[in-house]
Amino acid sequence: MDNALGEPQTMLLLGGTSDIGLAIVRELLTPAARTVVLACRDVDKGERAAAGLRHDGLTVAVVAFDGAATDTHEQLITDVVAAHGDIDLAIVAFALLGDGPSTITDVAAAAEIAEVNFTGTVTATIAVANAMRTQGHGGIVMLSSVAGERVRSANPVYGGTKAGIDGFAQGLGDGLASQGVHVLVVRPGFVHSSMTAGRAAAPFATTPEKVAEVTAKGLRAGRRTVWAPGLLRYVFMALRHTPGPVWRRLPLG
Amino acid sequence: MNGHTDAVPMKPRRPLSGWGRTNPSVADVVELPNHEVRAALKEAGPRGALVRGLGRSYGDAAQNGGGLVLRLLGAAHQAVLQPDRPSVTVPAGVSIDELLRVIVPRGFFVPVTPGTRFVTIGGAIASDIHGKNHHLEGSFGNHVDAITLLLADGSTEVVTPTDRPELFWATIGGMGLTGAILDATIRVLPIETSRMAVDTTRVPDLEALFTAMAEGDDDYRYSVAWIDPQARGRHLGRSVLSRGDHARLDRLDPADAIDPLAYGPHQLASIPPLVPPMGVINHATVAAFNEMWFRKAPRHRTDEVQSIASFFHPLDMVGAWNRIYGRRGMLQYQFVVPFGQEDTMRTVVERLSASGTASFLAVLKRFGAGNSAPLSFPAPGWTLAVDVPAGSRGLGELLHGLDRLVLDAGGRHYFAKDAHTTAHAIRRGYPRLDEWKAVRDEVDPHGVWQSDLSRRLGLTG
């Protein structure tokens, strides 16, 4: 149960090695926190992340989680609840970025990204939502992206999955509100992280810590959507309505 | 769309929050008379069940997310005054407000009343509430002769301090987690009139307040101080000390003496639901209010006749006053520190004042002896209660810091107010927690009685 200050006691990070996800966890760690569960594909890397979080009075557990293994997601959430009790906040932060140019032509690579980013996100989130409906409270942070707001030709598979989960999370959230479950969609721009290492930064680039700050603020204020940085809300309001012939000529990488 | 809906039975699920309107959860809420509770309990799933009174506890004590929440119907006219001694048997769902309307005209008063009369008898027992007379007469549980308790296994038992002392005292202050309190027999206080005779004094600072209360409280049945939590420096802890007792018949004016037990409090106004989301509480409005409160109090006035409502329940004159805090809601921070820890109290007041957290009057009270209940809050010492808006910047750090001060001083926090502290803080503040848990595990081995608070603070599960 979150306390009156909006401080979660138990957090589940799906994508347990995600830089943004871990930054959000760190931002929300308070003396009220009891348990953090890192669900990740690379358990060794997860253990290293866990070691960085652990302190007196905080349990950090690492569990194996494969975003593509959609038929395991429900059981995973059941196990987490059985071991740690109510999940106060789940952060859905796993995704494959893929190599833009090749995913446009490589069917297998595109399928993997679509499977993990969209199908896996949907199944894992629904499993979380079911658990939260049962407990009558909870919060879900969905890491979307500005890439889904208007999908660029450079990486349409990634952008398309983000557009999909963004819409999914909004619709799910509207339905869950009356069940005591709050969904916050976070739309970061370009974030300097291990996912984007070696890529040229886009304008308005930000850091995992900044995204985490914006997320925490959005949660406290009960917002349903936040952008990081906040200015991108207005940038994309404009880009969304930019006529196609102009949009296609914009140097957006 | 195939034209027919799924055959899922419609349950009356709805969100519940405490008086602070902070962290709600959704539960199946059922209103029912006492005799149907046993059957309803069979519907309780793995999230268990809880009885909720009027929802005046500030945090999540009367919530049970995903579970069953029962509201007991009961009418004050079912209250039975015992013929042999001044005591009354009341259904647990009856409020102090309703009970007073029945017993005051008959010349009796409740043994303990908190700052609001909108609490139920069941809630008063479960939270072991205290009032302005704690220094002499202890908390609500001290005045309970018997409790009819519906246990997790469906059996009903009348528990008393002599028949089943462990279960009785585990239920006093037990936050509804030992069973459903169906009714209770409580001792009442004979009164001659429905008025109070009150002495009011302005006190310039905290030191003077400690002295005044330590020296003079025992001359009064009721005593409480309202502190201006925004006063700083040499004004730190400036306050209005209000003390009194029930007025004797010969104190009333002839006009009032015709009907000395007349009692009919009413609300003057109610805060509408359409308060701006950010609330109307800010530093300026609160500072102005606190200044006015201090200035309007007489420097020293003795033997003033006041009504029960204005002496005990001034905030009840405004309905739904918690709405003024807006959508984010508020917390009430209440703790007790033992005598000898006056410096800790001073530091807490200093930090609250320095934080600039917009806060209405804080209430300071000198507690007397505690009782035998392992989870009862009051203990000999000083207690402070202060309201703060939940959205204040830096509030988490401030309160967690204050928690450490309070716990290091041997103090603790009040379950009925708590909405932020931790299982660890409760374990430190309530050293008899395991004793209480042992009694609870015996009467409820499968954890039927649960609440959001009990899970959050590790009382159950």
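Arg21(B) counts as buried, because 20 C-beta neighbours lie inside 10 Å of it, and 20 is just what the cut-off for a buried residue asks for. This arginine sits in the loop between strand 1 and strand 2 (25-33) of chain B, and its phi is near 55°, a positive value in a residue other than glycine. Please keep in mind as you explore that the model is predicted.

**Backbone angles to look up**

- Most residues other than glycine have a negative phi, and most peptide bonds are trans.
- Asp128(B) also has a positive phi, near 40°, and is not a glycine.
- You can find Asp128(B) in the loop between helix 3 (121-126) and helix 4 (134-137) of chain B.
- Is Asp128(B) buried or exposed? Asp128(B) is buried, since 29 other C-beta atoms lie within 10 Å.
- Over in chain A, the peptide bond that joins Ala228(A) and Pro229(A) is cis, with omega about -5°.
- Pro229(A) belongs to the loop between strand 7 (225-228) and helix 8 (232-240) of chain A.

**Where the two chains meet**

- How many residues of chain A are in contact with chain B? There are 19 of them, and they are in contact with 25 residues of chain B.
- Sorted by class, the chain A side of this contact has 5 nonpolar, 11 polar and 3 charged residues.
- Ala4(A) is a good residue to click on: its place is in the segment before strand 1 (10-14) of chain A.
- Leaving aside residues up to four places away in sequence, Ala4(A) touches several residues of chain B, including Gly20(B), Thr22(B), Asn23(B), Leu331(B) and His420(B).
- Ala4(A) is buried, because 30 other C-beta atoms are within 10 Å.

**Strand 5 of chain A and its neighbours**

- All 6 of the 6 residues of strand 5 (residues 138-143) of chain A are buried, so this strand is largely enclosed by the rest of the structure.
- In a regular strand the side chains alternate between the two faces of the sheet.
- Which residues cover the two faces of strand 5 of chain A? Gly138(A), Ile140(A) and Met142(A) are on one side, while Gly139(A), Val141(A) and Leu143(A) are on the other, and all are buried.
- Strand 4 (residues 89-92) of chain A pairs with strand 5 of chain A in the parallel sense, over 4 bridges.
- Within this pairing, Ile91(A) has Val141(A) of strand 5 as its bridge partner.
- Strand 5 of chain A also runs parallel to strand 6 (residues 181-188) of chain A, and 6 bridges join them.
- Look for Ile140(A), which stands opposite Val183(A) in strand 6 of chain A.
- To get from strand 5 to strand 6 of chain A, the chain passes through helix 6 (residues 156-176), and this β-α-β crossover is right-handed.

**Two helices that cross in chain A**

- The axes of helix 3 (residues 73-84) and helix 5 (residues 107-135) of chain A come within 8 Å and cross at roughly 40°.
- This crossing of helix 3 and helix 5 of chain A is right-handed.
- Helix 3 of chain A makes the contact with His73(A), Glu74(A), Ile77(A) and Val81(A), and helix 5 of chain A with Thr123(A), Ala124(A), Ala127(A), Val128(A) and Ala131(A).
- By class, the residues in this helix contact are 6 nonpolar, 2 polar and 1 charged.

**Two open sheets in chain B**

- One open sheet of chain B has 5 strands in the order 5-6-10-8-9, with antiparallel pairing.
- Why does one side of strand 5 (80-81) and of strand 9 (156-159) of chain B lack a neighbour in the sheet? These strands stand at the edges and each has a single partner strand, so one side of each is left free of a neighbour in the sheet.
- Strand 5 of chain B pairs with strand 6 (residues 87-91) of chain B in the antiparallel sense over 2 bridges, and Leu81(B) stands opposite Val88(B) of strand 6.
- Another open sheet of chain B has 4 strands in the order 1-2-4-3, and here the pairing is mixed.
- Strand 1 (13-16) and strand 3 (49-51) of chain B are the edge strands of this mixed sheet, each pairing on one side only.
- From one strand to the next, the twist of this mixed sheet averages 45°.
- Strand 3 of chain B runs parallel to strand 4 (residues 68-73) of chain B, joined by 3 bridges, and Ala49(B) has Leu68(B) of strand 4 as its bridge partner.

Note on methods:
Residues are numbered from 1 along each chain as its sequence is written. Chains are lettered from A and ligands numbered from 1 in the order in which they are written. This is a predicted model: local features need pLDDT of at least 70, side-chain atom pairs count only at pLDDT 80 or more; totals for chains, interfaces and linings use all residues. A residue is buried if 20 or more other C-beta atoms lie within 10 Å of its own, exposed if 12 or fewer, and partly exposed in between; C-beta atoms are placed from the backbone. Two strands pair if DSSP finds at least two bridges between them. A crossover is right-handed if, with the strands pointing away from the viewer, the path from the first strand over the helix to the second runs clockwise. Two residues are in contact if their C-beta atoms, placed from the backbone, lie within 7 Å. Ala, Val, Leu, Ile, Met, Phe, Trp, Tyr, Cys and Pro count as nonpolar, Asp, Glu, Lys and Arg as charged, and the others, Gly among them, as polar. Axes are lines fitted to C-alpha atoms, for helices over the stretch in contact, and angles run from 0 to 180 degrees between N-to-C directions. A crossing is left-handed if the near helix is turned anticlockwise from the far one by less than a right angle, and right-handed if clockwise.
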